[in-house]
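Visitor: Hi, I have a protein to look at and no idea where to begin. Can you walk me through it?
Guide: Sure, let's bring it up.

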Amino acid sequence: MLKKNRKMIILLITVMVMSIWLAACGTRTAENGAAEENDTTTETETQTEAATERTLTDAMGHEVTIPANPERVIASYLEDHLVTLGVKPAAQWSINNGSGLQDYLQNDLNGIPGIASDLPFEAMASFSPDLIIMGSESTVEGEKYEQYNKIAPTYVLGDQVNKDWRQALLKIGEILNKSDVAQKALDDYDAKAKEIKEKVTAVTGGTKSAAALWLFNNKFYVVSNNVSSGEVMYNELGLAEPNVVKEASAKATGNWSEISLEKIAEMDADYLFLVNSDKGAGSEALKDAVWQSIPAVKTGNVFEFESTSSWLYSGVQANTQILQDIQSSIVK
């Protein structure tokens, strides 16, 4: 009798434990189901949110309605940022009636038709853009803005933003709803610059000076210290800036300033990076006795690049290529 009761008690306990376990499983299943449903709802809401038109105010105070998913963007001379964001434009900046493209971007933009740099209204309309992004206020002066805005919603970055490639990338990322992509690109670029700086500094000891020159139509130009290759050399890689470059930068009205051969010899830079646009015309200036007497020339520390290289531009794509050019030149 006692054994029978004991068996009954054990059976009852087992049934109770099983009931509790099953109830708990049922609760967890219900909770998981609810969680999955909530996740799906949130994801759907996010997708819906991402696909909604937005109204943004540009640098000139225009309230611009940005399409939900612009597919035919024209952002002339801002293509470096578009490539960084993974966006192919409807047309790309060019000179000489469609030739004269930004060659350093053509791995990504090959086959994209060119549009003249002065952006004729008829040409713009022929590409049927659904969004136009302009860099400078001067490109839409007078009644031009209204003309472009009739073709497609037109957003003007403004000179203040446009002159800083980082700000321009972030702003275009905001416009195209790709802010996270823009920020990641900057983070990756900074990490790459730091890595290359360590390798360059190991060779230079942090004391060597450099300058970037551009030879065009038998005249030399020097880059300013805070733009394009100047920013890369001095800010990103910590190469020393010659006093002549500081003086030229203080007076500069553009990215590049004309400089005499005598001034180049006076700067006595350890490294010279030369963008040679006169290569096909004989580069007569490089045969001058003053050029030949410059220490960097005599020691073989002049590194020459084609006019099609990225050294005349700015942006993640351009600057990354400049970083790599400097590394391959200095780090043997």
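Guide: Start with burial: 41% of the 332 residues in the protein are buried. Keep in mind that this is a predicted model.

Visitor: Okay. How many helices and strands does the protein have?
Guide: There are 14 helices and 12 strands.

Visitor: And what share of the contacts comes from residues 24 or more positions apart?
Guide: Counting contacts with a separation of 6 or more, 63% are between residues 24 or more positions apart.

Visitor: Let's pick a helix. Is H9 mostly covered or uncovered?
Guide: Helix H9 spans residues 228-236 and is mostly covered. Eight of its nine residues are buried.

Visitor: Which ones are buried in H9?
Guide: Ser228, Ser229, Gly230, Glu231, Val232, Met233, Tyr234 and Glu236.

Visitor: What comes just after H9?
Guide: Gly238 does, with a positive phi of about 70°.

Visitor: How do H9 and H14 pack?
Guide: Two numbers help here. Packed helices are described by the angle between their axes and the distance between the axes. For H9 and H14, the angle is about 60° and the axes are 10 Å apart. The two helices are therefore oblique to each other. Their crossing is right-handed. H9 makes this contact with Ser228, Ser229, Glu231, Val232, Met233 and Glu236, and H14 with Asn319, Ile322, Leu323 and Ile326.

Visitor: What about H8 and H14, at what angle do they cross?
Guide: Roughly 15°. H8 covers residues 179-204, H14 covers residues 316-330, and their axes come within 10 Å. That angle makes H8 roughly parallel to H14. The contact involves several H8 residues, including Ala185, Leu186, Tyr189 and Ile196. On the H14 side, Val316, Asn319, Thr320 and Leu323 are among them.

Visitor: Is that crossing left-handed or right-handed?
Guide: The crossing of H8 and H14 is left-handed.

Visitor: New topic: strands. How do side chains point along E12?
Guide: They alternate along strand E12, residues 302-306. Phe303 and Phe305 point to one face and are buried. Val302, Glu304 and Glu306 point to the other face and are not buried.

Visitor: How many bridges join E11 to E12?
Guide: Five, and the two strands run parallel. One bridge pairs Phe273 with Phe303 of E12.

Visitor: What holds strands together in general?
Guide: Strands of a sheet pair through backbone hydrogen bonds, either parallel or antiparallel.

Visitor: Back to those Phe residues. Which aromatic cluster do they belong to?
Guide: Tyr271, Phe273, Phe303, Phe305 and Trp311 form one aromatic cluster. The structure holds 13 aromatic pairs. Take Trp214 and Phe216: their ring centres are 5.5 Å apart and their planes sit at 35°, so this pair is tilted.

Visitor: Is Phe216 buried or partly exposed?
Guide: Phe216 counts as partly exposed, because its relative accessibility is 37%.

Visitor: What about Val275, where does that sit?
Guide: Val275 lies in strand E11, residues 271-276. At 1% relative accessibility, Val275 counts as buried.

Visitor: What does Val275 touch?
Guide: Leaving out residues up to four places away in sequence, Val275 touches Leu213, Trp214, Leu215, Phe305, Glu306, Ser307, Trp311 and Leu312. Phe305 and Trp311 also appear in the aromatic cluster. As for Tyr221, 54 residues from Val275 along the chain, the C-alpha atoms are separated by 9.6 Å.

Visitor: Which strands form the open sheet of three?
Guide: The order is E3-E6-E7, and the pairing is parallel. E3 and E7 (154-156) are the edge strands, each pairing on one side only. Two bridges join E3 to E6, residues 131-134. In one of the pairings, Val73 has Leu131 of E6 as its bridge partner.

Visitor: Which helix lies across E6 and E7?
Guide: Helix H5, residues 144-151. H5 runs at about 135° to E7.

Visitor: Last one: where is Ala68?
Guide: Ala68 lies in the loop between strand E2 (63-66) and strand E3 (73-74). With 22% relative accessibility, Ala68 counts as partly exposed. The cut-off for buried is under 20%. Thr52 is 16 residues from Ala68 in sequence, and their C-alpha atoms are 4.8 Å apart in space.

Definitions and conventions:
Residues are numbered from 1 along each chain as its sequence is written. This is a predicted model: local features need pLDDT of at least 70, side-chain atom pairs count only at pLDDT 80 or more; totals for chains, interfaces and linings use all residues. Side-chain values use heavy atoms; hydrogens and water are left out. Helices (H or I, at least four residues) and strands (E, at least two) are DSSP runs, numbered from the N terminus. Buried means under 20% relative accessible area, exposed over 50%, partly exposed in between (1.4 Å probe, protein chains only). Contact means heavy atoms within 4.5 Å. Rings of Phe, Tyr and Trp (its six-membered ring) pair if their centres lie within 6.5 Å; planes under 30 degrees apart count as stacked, over 60 as edge-to-face and the rest as tilted. Two strands pair if DSSP finds at least two bridges between them. Axes are lines fitted to C-alpha atoms, for helices over the stretch in contact, and angles run from 0 to 180 degrees between N-to-C directions. Angles under 35 degrees count as roughly parallel, over 145 as roughly antiparallel, 65 to 115 as roughly perpendicular and the rest as oblique. A crossing is left-handed if the near helix is turned anticlockwise from the far one by less than a right angle, and right-handed if clockwise.
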